[in-house]
Every structure is written in C-alpha cells, then in structure tokens.
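I set out to go through one model and write down what I looked up. The entries are in the order I made them.

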Amino acid sequence: MGPGLLFQLDPVNDPATARACYFCHAPLSRQSEISAPGTAPDGAGGYNETLKLSGVSCSACHVRGPGVSGPLRPRLKGLNKGLKSGHKTRKEGFFEKAEFCAACHQLKNGFRINGTLLVNTYSEWKESEFGRAGVVCQSCHMPGRRHLFRGIHDPEMTRSGVKIEYIAIKSEDKARGLGTARLVITNTATGHYFPTYATPLILVKGYLAGRDGSPLKGTAREDFIGRKLVLDLSGEFFDTRIAPQKSFVFEYPLTRNTRAESLVFEVTVYPDEFYNRFYQYYLTQEPVGKTKELIEQAHKESSTSGYELFRKEIPLKDLNF
C-alpha cells in the first residue's frame with residue numbers, strides 16, 4: 001500500500017471507516033488518530049504520524065498483549081543460527097497457521113461489492129488444493145521463515161503460480177480465416193484466486209508483427225485478468241480473476257496479412273492499478289502540503305511498478321496455417 005492511500009480517510013467525521021481500514025493497514029493503536037469512537041486526534045495518547053505511515057511494521061504481528069511473541073523454535077538445527085532478538089520472546093504456535101493471516105486477509109460479510117467480498121483470500125485458500133493439503137500461506141509468502149512477503153509485485157513469485165501456454169487451432173472454415181491462436185493461463189499454484197485482490201490488473205495482449213518485429217496497425221487485441229472496481233467501491237467493471245486450478249483463455253483470430261511475419265503474445269502485470277487510478281484522481285482534487293507530496297510520491301511509485309510476465313513471438317510459418 002502506498003502511503004497516500006490513508007489520506008482518503010476522515011478519522012474525525014467518519015471514525016468508523018477509518019478504524020476499519022486502520023485495522024489492517026495501520027494496525028498499531030498508536031498509529032491511529034482515534035482513541036475512542038467520535039474523538040478527535042489525540043496527541044496526548046501517543047499518536048505519531050510517522051508510526052501511521054509505517055503501516056504494517058514488526059510490532060503489528062509480534063506485539064501480543066504485554067510482550068513480544070514469535071513462532072515456536074524450529075526443529076531443524078541451524079535454521080535460526082546466529083539470530084538474536086535482544087529481548088525475551090514468547091513462543092506461540094499460531095504464527096505458523098493460515099488463520100493468523102486471515103485477520104487482515106479475510107473480510108466479513110459487510111464488505112461485499114456486487115455480492116463478492118472485497119478481500120476473500122483465506123476462504124479462497126481454504127477451498128483450494130493448498131488449503132485441503134494444509135499448505136499454509138507462510139509456506140509460499142515467507143519461505144524458510146524469511147520476512148519476504150512475496151506476492152504479485154515479485155515477477156518470479158507470480159510466474160511460479162501460473163502456467164502459460166499457447167495452442168494453435170486450424171480453421172475448418174477458410175472463409176472465416178486461417179484459425180485461432182489461444183493463450184491459456186492456468187492458476188496452477190497460487191493457492192487462491194489469481195490475483196486475489198482488486199488492486200492488481202493483468203493485461204493480456206496479442207498482435208501481428210512485421211519483419212522488423214514492430215506491431216502492425218489495427219491487429220492488436222486485448223483482454224484483462226483481474227477485478228476492476230469503481231474508485232469509490234460502489235461497483236465493479238468486471239471480475240475475470242482465475243480460481244485455483246482454473247484457466248483464462250485468450251483467443252486471437254488469425255486472418256491473412258501479407259505484411260505479418262509473426263504473432264506476438266504479451267502478458268503484463270500492473271500490481272497497483274487500482275491505487276494508481278485513485279492517486280491520479282486524488283491529485284485532481286488539488287491536495288496541498290505534505291498530503292500532496294505523499295500522493296505524488298505514491299502515484300509515481302504505482303505508475304512504475306508494472307512488469308512483463310510473459311512474452312512469446314511465434315513465426316506464422318510455424319503455425320502451419
């Protein structure tokens with residue numbers, strides 16, 4: 001989450017909404033301006049703007065009650081060799097359970113858009129092969145207990161969760177063209193929907209390229225994988241996410257083109273598409289001071305977070321059409 005997103009909240013006039021968002025995005029009580037329902041910012045209560053902007057810090061997971069908690073000591077010798085916490089730590093088994101993650105990665109019935117929960121990751125996992133086999137969230141997102149929190153911003157992690165292949169189908173009706181090239185994207189190993197959240201968007205594109213490799217005008221076709229929401233969360237444009245072990249099929253109809261040398265498929269991931277749209281809109285509202293600075297920073301970062309997940313150039317002569 002970029003730091004500017006919290007500025008859409010109005011903790012004084014709408015404290016309930018602010019508290020709901022802070023629970024996951026700024027979970028420490030000292031990160032919130034709200035000390036009680038309906039109260040104004042309370043500096044005397046320990047509120048610190050820097051703490052709020054830190055979002056999910058170490059303390060969010062490891063400060064439990066009056067002390068610090070951590071996972072049970074591993075049975076494998078040497079895994080934590082050389083690591084010293086500098087303080088006493090209570091060992092708790094729940095750090096290695098998927099339910100521990102559900103506190104922030106599973107919303108309840110009140111957070112539905114078009115009948116679907118805004119965040120439903122834990123339930124998606126529970127109903128998947130990973131959930132039934134007991135492969136918990138931490139196994140993939142925190143391998144070896146490392147605090148990597150790998151997700152859709154990590155190209156290698158994303159590639160490991162899906163299988164992408166193309167299939168050429170020769171047309172039996174020559175009048176309708178040469179045939180169809182399909183790009184099939186299968187959610188093989190994410191353990192939840194791909195993507196699970198409404199913030200990313202994945203662009204699937206096909207086009208014909210000339211001898212120099214450049215796209216030929218008028219040949220591009222596009223489709224999207226994701227859940228694209230209205231900015232105020234009042235509705236959704238579409239939801240094309242891929243359930244575990246299911247596939248998304250992108251079809252490209254091939255017709256004769258004397259200048260075409262190859263067919264190109266591209267899959268591009270935009271991890272922060274929703275945030276980017278929000279920041280762009282917010283800047284039109286002419287924020288000032290520190291708010292403007294943070295929104296501009298967040299907009300810049302979210303504008304450059306995209307990456308190419310897959311690219312395949314197929315010579316037309318290899319399609320045997």
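The notes below go from the cores to the aromatic rings, then to single residues and the backbone.

**Cores**

I am working with a predicted model. I began with the nonpolar cores, since nonpolar side chains in soluble globular proteins tend to be buried together. The largest core here holds 28 residues. Phe265 and Val267 are the members with the most contacts inside this core. I then looked up which elements supply two or more residues to the core, and found β6 (162-170), β7, β8, β11 (247-254), β12 (262-270) and β13 (307-315). A second core, separate from this one, has 10 residues, among them Ile113, Ala198, Leu229 and Phe274.

I went back to valine 267 and listed its contacts beyond four places in sequence. They are Ile164, Leu183, Ile185, Ile202, Leu203, Val204, Tyr307, Glu308, Leu309 and Phe310.

**Aromatic rings**

How many aromatic pairs are there? I count 10. One of them is formed by phenylalanine 224 and phenylalanine 238, with the ring centres 6.2 Å apart and 20° between the planes. I enter this pair as stacked, because the angle falls under the 30 degrees that the term requires. Phenylalanine 224 belongs to strand β9 (residues 221-229) and phenylalanine 238 to strand β10 (residues 236-239), 14 residues apart, and the pair links distant parts of the chain.

Are these two rings' residues buried, exposed or in between? Phenylalanine 224 has a relative accessible area of 29%, so I record it as partly exposed. Phenylalanine 238 is at 23% and is therefore also partly exposed.

I noted one aromatic cluster made up of Phe274, Tyr275, Phe278, Tyr279 and Tyr282. Phe274 is also a member of the second core.

I also checked for a charge over a ring. The charged end of lysine 228 is placed over the ring of phenylalanine 237, at 5.6 Å from the ring centre.

**Serine 128 and histidine 192**

I found serine 128 in the loop between α5 (121-126) and α6 (129-133). Its relative accessibility is 2%, so I list serine 128 as buried. A polar atom of its side chain lies 3.2 Å from the backbone nitrogen of phenylalanine 130. Setting aside residues up to four places away in sequence, serine 128 touches Gly191 and Pro244.

Histidine 192 is in the loop between β7 (179-187) and β8 (201-209). I list histidine 192 as buried because its relative accessibility is 14%. Outside four places in sequence, histidine 192 contacts Thr121, Glu124, Trp125, His141, Asn187, Ile242 and Pro244. Pro244 thus appears in the contact lists of both serine 128 and histidine 192.

**Backbone**

Which residues does a cis peptide bond join? I found phenylalanine 194 and proline 195, with omega at about -10°. Proline 195 lies in the loop between β7 and β8, the loop that also holds histidine 192.

I then looked at positive phi values outside glycine. Glutamine 245 has a phi of about 70°. Glutamine 245 sits in the loop between β10 and β11 and, at a relative accessible area of 38%, is partly exposed.

For glutamate 286, phi is near 55°. This residue is in the loop between α9 (273-284) and α10 (289-303). At 64% relative accessibility, I record glutamate 286 as exposed.

Terms used. Residues are numbered from 1 along each chain as its sequence is written. This is a predicted model: local features need pLDDT of at least 70, side-chain atom pairs count only at pLDDT 80 or more; totals for chains, interfaces and linings use all residues. Side-chain values use heavy atoms; hydrogens and water are left out. Helices (H or I, at least four residues) and strands (E, at least two) are DSSP runs, numbered from the N terminus. Buried means under 20% relative accessible area, exposed over 50%, partly exposed in between (1.4 Å probe, protein chains only). A polar contact is a pair of N or O atoms within 3.5 Å; within protein, one must be able to donate a hydrogen and the other to accept it, and residues adjacent in sequence count only if both atoms are side-chain atoms. Contact means heavy atoms within 4.5 Å. Rings of Phe, Tyr and Trp (its six-membered ring) pair if their centres lie within 6.5 Å; planes under 30 degrees apart count as stacked, over 60 as edge-to-face and the rest as tilted. A charge sits over a ring if NZ of Lys or CZ of Arg is within 6 Å of the ring centre and within 35 degrees of the ring normal. A nonpolar core is a set of buried Ala, Val, Leu, Ile, Met, Phe, Trp, Tyr and Cys residues joined through side-chain atoms within 4.5 Å.
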